[in-house]
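Colleague: I would like to take a close look at a single part of this model, and I would be grateful for an answer that goes step by step.

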Amino acid sequence: MTGYILSRVLRAALTMLVTVTLVFLFIRLSGDPAAALVPPDAPQEVIDQYARAMGLDQPLWQQYLGYVGGLLQGNFGFSIHTGIAVEETFLGRLPFTLHLGITALALAIFIGIPIGALAAIRRGTALDRFVMGFSVFAFAMPNFLFGLVMILVAALAFSAFLGGENANVIWPALTLGLAAMGSFARFTRSSVLETINAPYMRAAEARGVPFGMRLLRHAAPNAAIPLVTLIGLSLGALVAGSVVTEQVFAWPGVGQLLVRSVATRDLAQVQFLVLVVAFTMVMANLIVDMLYLVIDPRIRAK
Amino acid sequence: MTFRSLMAVTLLAGALAMPVAAQDRPDMVIAVDNLWPTMDPVIGISTTGARVHTNIFDTLVRRNRWEDPDGTELVPWLAESWQQLSPNVWEFTLREGVPFHDGHIMDAADVAFSLSAERLWGDEPLAPRGTRYTRGFVRVEATGPLTVEIETSFPDPNLPFRMVTPIGFVLPQHYYEEVGTEAFGQMPMGTGPYRMTAFDPSVAVDAVAFDDYWAGEPPAATLRFEIVPEFSTRFAGLVAGEYDVVVSVPADQVDALEGTEGVTVMEKGIENYPMFAFNMLETEALPDNPLTDVNLRRAIVAGVDREAIAAAIWGEATFVPTPFNFPEYGDYYDPDRERAVPFDPEQAAEYLAASDYDGEELIWHITRGFYPNYEIAAEFMVEQWAEIGINVRIELKDNFSLAYERPFHFLNMSMSSEFSGDPYRPLWMDWGPESSRFGASHRTWDMTEDFVRLGEVFEQAQEFEDRYQAYLDLVAEWERVTPGMYMWRNVVSYAINENLQWDPGNSAVTIFDHLYMTGYDE
């Protein structure tokens, strides 16, 4: 088991290092950050002055070593535009994104999983077909389109505005969580179907275990394994989706900050944000790996 | 009397003392697509910054767009008057008793600092982007409490026009030096109608009316410039009454919006002209460049019907300019002057026959989404050229530094016409010896000897008649060489609440002082 944990932690660390390197290289290959600070017709001397101020006149390897060295000491750098430490700006936005992300995930879990389970139990009925129809719609609907339609309909039909930082979080969260809701419903349904027809369920029924108890004690833990994986994976989609959703709803979270920072080539800010996203993903995967240990005795035994 | 009741009485008395108008003023929200990351008016030179700057700062001299949309008339603003003491020296006399937002009174030292070598034009200046407006500056000096002298290395009859540009904004020296350049850009202070209270470059700017504003009471109680990246969301916010002004209406949505109840749409031609430059150079990346041949360049220009394309895309909102003949130049503008190389397919065929062009592919670098409608127009043009045997391929680039990478035959750009009150900027600054067309790594042409000679005559001419003739000669030389092609006058569009009486003139700058915003019916 120690080997299992160690290998997963090592893999996480390696992923982070590769991410750091790729982010560093790609940002510098996708256009001169100093040129992004000036208008297209700015004289070269002005661009050069900015490049010197940003340390971009040094050789790439020196910039890289300086950057990684800084990271190891917890120095993430400063925004080239505002001069504010990048983590400070990030922390200012984090509550918005957490609020949005957690609400979206909660909506996806507390609506998606129950309706999926219900569809499995009522297999073949109209309810089942409705839930499956909904889940296909939810999964297939691009979130920017759903969000825009919602915003425009609310404005034109009800003179209500669902965007901006004062709006109710439920609307962007619904937009963001919709796809995850659909896939949770589908997976729950197939997972529950698989387990309720398993031999141990029939055995439990033969032993006289009541239906509710069979579902909770026997079916649920087994059906949970693929779902835990899925929830871990969907965190990634939520993070990526929040970039789009925040843009559409003008929600002042990390996603909007990331888009802005890329557009203005704010090197340190982009690097930090991508690292945070990568870190979130790596940690989510690590936690999922650890959760397997808890819910699946077979992995523990190995 | 207890402390609490004392407070209550004080607050009540304060409320009663407030002028009635102040209570009626609206809280305005302007939904913008973006904000520049710093609000220093020179470091932040940009459309997204300029929308905010003039609400916070004042310039020494101002253009009157509230009466004339093209703003050809100069209006004394923080400078009450100016005079040319000698050919190379101008003196500006400042308005007395103008307060900054902290109550500090503006004086000549603030102006001298705002225009100083340290800030704008010395070695490694604090705000290096000002250099393009400070050409020839050799001395800026406060010569009295309210007088400032500016000396240039060459006579400049139009120097006061420079004071309407971003370098003309007056900054408080004491505050700037106290907080430093970066912090100033995050929480700037000026003498303008609104005082900034909060700024987050990726969320919003918040400002409140500065009731001690010297020029008149600001018509809004608060201003908020809020970033709403998606146009449909901006539109929804306007319809729902959340936003009062929405910028950057996409050209293809203007018609749809005009039919929306409660919304007024405005399209304004601004002082910026999208175009492309011909790469006329033979470089390592492009050893056999067919565009070194003037006949091919002229065939390209004569082979495309710009009027029809502009009308199809923009309707009545804009026009195709004769090179450097722009309405914002007052006496220099001649509505009857025609282009040297107009649309003429037969003439284009003749030019083409006279060239050595054998149908090889010409690459057009275009920065994706930067200029409204540019890509659509480019596609029309490519088809028109194909009809006469010219083979152009569009390559979309994600940003300018990628667009500047060679090889390319055409390079997209736009030229601003603002700055000097005459065609000096677009003609000589943008194509002359100090221009990026000639000097940058992405340079596209070598000036002809005649262009340099005529340009120097133009630059040195002091009297209008001499300067006007020199201007015509220089334009004729430019058109003879044909180093590029102007497409149309750029257009910005606004959608506003129909109850708001506000008109920005032909400008992308949004000002909400009492001159531009004259009322808001609830």
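How many bridges join strand 6 of chain B to strand 7 of chain B, and how do the two strands run? Please describe the charged side chains there as well.

Modeller: Let me begin with a caution, which is that this is a predicted model. In chain B, strand 6 covers residues 137–144 and strand 7 covers residues 147–152, and the two run antiparallel, joined by 6 bridges. The connection between strand 6 and strand 7 of chain B is a hairpin, which passes from one strand to the other through 2 residues. Across this pair of strands, Glu141(B) stands opposite Glu149(B), the latter belonging to strand 7 of chain B.

Now to the charged side chains, for which one general point is useful: side chains of opposite charge can pair when their charged atoms come close. Glu149(B) forms a salt bridge with Arg139(B), and the closest N and O atoms of the two are 2.8 Å apart. In this pair Glu149(B) sits in strand 7 of chain B and Arg139(B) in strand 6 of chain B, with their positions 10 residues apart along the chain. Glu149(B) has a relative accessible area of 15% and is therefore buried, because buried means under 20%. Arg139(B), at 23% relative accessibility, counts as partly exposed.

Arg139(B) also meets the side chain of Glu151(B) in a salt bridge, with an N to O distance of 2.8 Å. Because Arg139(B) lies in strand 6 of chain B and Glu151(B) in strand 7 of chain B, this pair ties together parts that are 12 residues apart in sequence. Glu151(B) is partly exposed, with a relative accessible area of 25%.

If you follow the chain back from strand 6, you can also look at Arg129(B), which lies in the loop between helix 5 (117–121) and strand 6 of chain B. At 5% relative accessibility, Arg129(B) counts as buried. The C-alpha atoms of Arg129(B) and Pro41(B) are separated by 10.0 Å, although these two residues are 88 residues apart along the chain.

To set the hairpin in its wider setting, the structure holds 33 salt bridges over all chains, among them the pair of Glu149(B) with Arg139(B) and the pair of Arg139(B) with Glu151(B). Chain A, by contrast with the strands described here, has 12 helices and 0 strands.

Notes
Residues numbered from 1 in each chain as written. Chains lettered and ligands numbered in written order. Predicted model: local features only at pLDDT ≥ 70, side-chain atom pairs only at ≥ 80, totals over all residues. Heavy atoms only, no water. Pairing = 2+ DSSP bridges. Helix = DSSP H or I, 4+ residues; strand = E, 2+ residues; numbered from the N terminus. Buried < 20%, exposed > 50% of the residue type's maximum accessible area, 1.4 Å probe, protein only. Salt bridge = Lys/Arg side-chain N within 4 Å of Asp/Glu carboxyl O.
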